[in-house]
Amino acid sequence: MSASEPTVRSGERNRLIGKLLLLLVLAFPLLTSLGVAEAFAADPRFSFEFGGAGSGNGQFVGPHGVAVDSEGNVWVVDTENDRVEKFNAKGEYVSQFGSKGSDNGQLLEPTDIAITSVDNIWITDTGNNRIEKFLHNGTYSSKVGEAGSGDGQFKEPTGLALNSTNAVFVVDKGNNRVEKFSSSGTYMSKFGASGTGNGEFKEPAGIGIDSKNSIWVADSGNSRVQKFNTENKYQSQFGKAGSGNGEFSSPRGIAIDFKGNLWVTDTGNNRVQKFNSAGEYQEQFGEKGTGEGQFEGPTGIANPSPWHFLVVDTGNNRVESWTVKSDPPVAMTNAATSVASEEATLNATINPEGATTEYHFEYGTTTAYGTNVPTPDESVGSGIENVKVSKIAKGLAPGTTYHFRVVAKNAGGTTYGKDETFTTK
């Protein structure tokens with residue numbers, strides 16, 4: 001290789017980048033006139049951590065599961081301390097329940113947690129081959145299961161999830177299956193078998209249930225995630241062994257966000273990967289280490305609010321809080337109403353997509369617009385539902401055609417609604 005070759009290649013690369021940027025600049029006016037988002041790349045951010053190695057209040061030894069109740073409190077399964085600890089949303093210790101043993105209310109290497117719509121708490125009491133139910137204050141309520149391979153029995157139950165009716169799904173790891181129980185703990189059904197084929201498992205670990213009650217199972221030993229329908233029938237799968245994008249090494253936890261995306265703790269690769277509902281890889285965060293934003297065998301994961309995740313960093317005996325960049329808002333310009341000679345009502349529909357969103361209309365006699373209303377921009381909140389907005393454009397000229405569109409922005413970017421027109425009387 002000659003000494004000049006790196007310079008030549010660098011120049012070619014810079015020219016190519018310049019051409020791409022020019023194409024984006026030229027295309028931007030057309031894209032925004034059609035009503036699109038000015039998108040930003042995903043940018044996961046470590047927020048804070050809590051915990052630490054030990055057996056004192058707020059400390060952990062080999063924690064696994066995590067869940068959030070209706071008040072935003074965080075419950076962590078402190079596996080090797082045989083207890084469950086409660087923290088507030090800031091990660092401050094509040095209380096705990098459980099102790100080592102096999103009596104009612106005691107635990108032996110518990111693994112996962114799920115919280116019902118009325119804040120009752122189910123725990124996989126793995127070492128005792130059962131699941132236990134506690135009230136929202138940590139008082140023991142009931143138990144289900146015993147050691148064995150029959151219906152309603154367990155061999156190392158691990159993952160735990162609830163569907164929309166609070167039916168309980170338990171990953172029976174040692175029996176390579178998933179068992180379903182009613183909200184009161186009555187055995188209902190099972191699916192799975194030992195193997196590598198569709199619908200079969202090898203040491204399954206975690207489970208998640210989406211808004212359509214589809215069931216997603218982290219088939220850890222087969223380095224994949226499998227999907228089952230509401231009748232427990234196999235549907236599809238994604239993932240394979242490896243460390244590349246979309247590949248796994250002992251996947252463990254599954255959290256499903258409000259858009260149906262799956263966030264999977266890729267335990268052996270010390271990261272969290274995101275997939276859409278079709279199982280297509282989207283992004284990831286985390287890496288091996290002990291520093292902030294690093295992991296050592298992450299397991300449990302929870303999604304307490306849009307774009308916010310809690311990850312149990314098992315090997316580092318802590319829980320990490322992450323915020324990922326939101327999607328831009330959805331903004332749709334609707335037809336103008338109450339059009340008069342000197343004013344008209346401008347209408348739009350905006351979905352904040354779970355992030356604090358502000359908006360305004362811009363209008364004028366050309367697509368250069370020139371006038372905004374309201375000024376300054378107004379908030380439509382941070383929900384995940386459509387919000388209808390309207391503002392009156394005043395001081396218009398009679399018998400004149402006007403262009404207008406809505407503009408909405410949040411931390412994920414800015415969305416320009418489609419251009420619409422009206423003609424004053």
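**Thr111, ring pairs and sheets in a predicted strand-rich chain**

Thr111 is buried, with a relative accessible area of 9%. That puts Thr111 under the 20% cut-off, which is why the residue counts as buried. The model discussed here is a predicted one. Thr111 sits in the loop that runs between strand 6 (93-97) and strand 7 (113-115). Its side chain makes a polar contact with the side chain of Thr126, at 2.4 Å. Once neighbours within four places in sequence are set aside, the contacts of Thr111 are His64, Gly65, Val77, Thr79, Thr124, Thr126, Pro157, Thr158 and Arg252. Asp78 is 33 residues away from Thr111 in sequence, and the two C-alpha atoms are 8.0 Å apart in space.

Stepping back to the whole chain, the secondary structure comes to one helix and 33 strands. Of the 425 residues, 51% count as buried. Long-range contacts turn up often enough to be worth a number: among contacts between residues at least 6 apart in sequence, 50% join residues at least 24 apart.

Another loop residue worth a look is Gln153, found between strand 10 (140-144) and strand 11 (157-162). The Gln153 side chain reaches back to the backbone nitrogen of Gly150, at 2.8 Å. Leaving out neighbours within four places in sequence, Gln153 is in contact with Glu146, Ala147 and Gly148, and also with Asp172, Asn175, Arg177 and Glu179.

Now for the aromatics. A search of the whole structure turns up 28 aromatic pairs. One of them is Phe46 with Trp322, an edge-to-face pair with 6.1 Å between the centres and 80 degrees between the planes. This pair ties together distant parts of the chain, since Phe46 belongs to strand 2 (residues 45-51) and Trp322 to strand 25 (residues 318-323), with 276 residues separating them. Trp322 has a relative accessibility of 6% and therefore counts as buried. A further example is Phe258 with Trp307: the ring centres are 5.6 Å apart and the planes meet at 90 degrees, so this pair too is edge-to-face. Here both partners sit in loops, Phe258 between strand 19 (251-256) and strand 20 (262-266), Trp307 between strand 23 (298-305) and strand 24 (308-313), and they are 49 residues apart. The two rings differ in burial: Phe258 is partly exposed, with a relative accessible area of 29%, whereas Trp307 is buried at 6%. Ring pairs also build a cluster, linking Phe46, Trp263, Phe285, Phe295, Phe309 and Trp322.

Two of the strands just mentioned, strand 2 and strand 25, belong to an open sheet of four strands, ordered 2-25-24-23 with antiparallel pairing. Strand 2 and strand 23 are the edge strands, each pairing on one side only. On average, neighbouring strands in this sheet are turned by 25 degrees against each other, direction ignored. Inside the sheet, strand 24 and strand 25 pair in the antiparallel sense over six bridges. Asp313 stands opposite Arg318 of strand 25.

A second open sheet, also of four strands, has the order 19-20-21-22, and its pairing is antiparallel. Strand 19 and strand 22 (281-285) stand at the edges with a single partner strand each, so one side of each has no neighbour in the sheet. The twist from one strand to the next averages 25 degrees. Strand 19 and strand 20 pair in the antiparallel sense over four bridges. Ile256 has Leu262 in strand 20 as its bridge partner.

That leaves the nonpolar cores. The largest holds 19 residues, and the members that touch the most others are Leu346, Tyr359, Phe361, Tyr363 and Phe422. At least two residues of this core come from each of strand 26 (330-337), strand 27 (343-351), strand 28 (357-364), strand 29 (371-381), strand 30 (387-394) and strand 31 (401-410). A second core, separate from this one, has twelve residues, among them Ala161, Val171, Ile215 and Phe228.

Methods: Residues numbered from 1 in each chain as written. Predicted model: local features only at pLDDT ≥ 70, side-chain atom pairs only at ≥ 80, totals over all residues. Heavy atoms only, no water. Phe/Tyr/Trp six-rings, centres within 6.5 Å; stacked < 30°, edge-to-face > 60°. Buried < 20%, exposed > 50% of the residue type's maximum accessible area, 1.4 Å probe, protein only. Core = buried A, V, L, I, M, F, W, Y, C linked by side-chain atoms within 4.5 Å. Pairing = 2+ DSSP bridges. Axes fitted to C-alpha atoms, helices over the stretch in contact; angles between N-to-C directions. Polar contact = N/O pair within 3.5 Å; in protein donor to acceptor, adjacent residues only side chain to side chain. Contact = heavy atoms within 4.5 Å.
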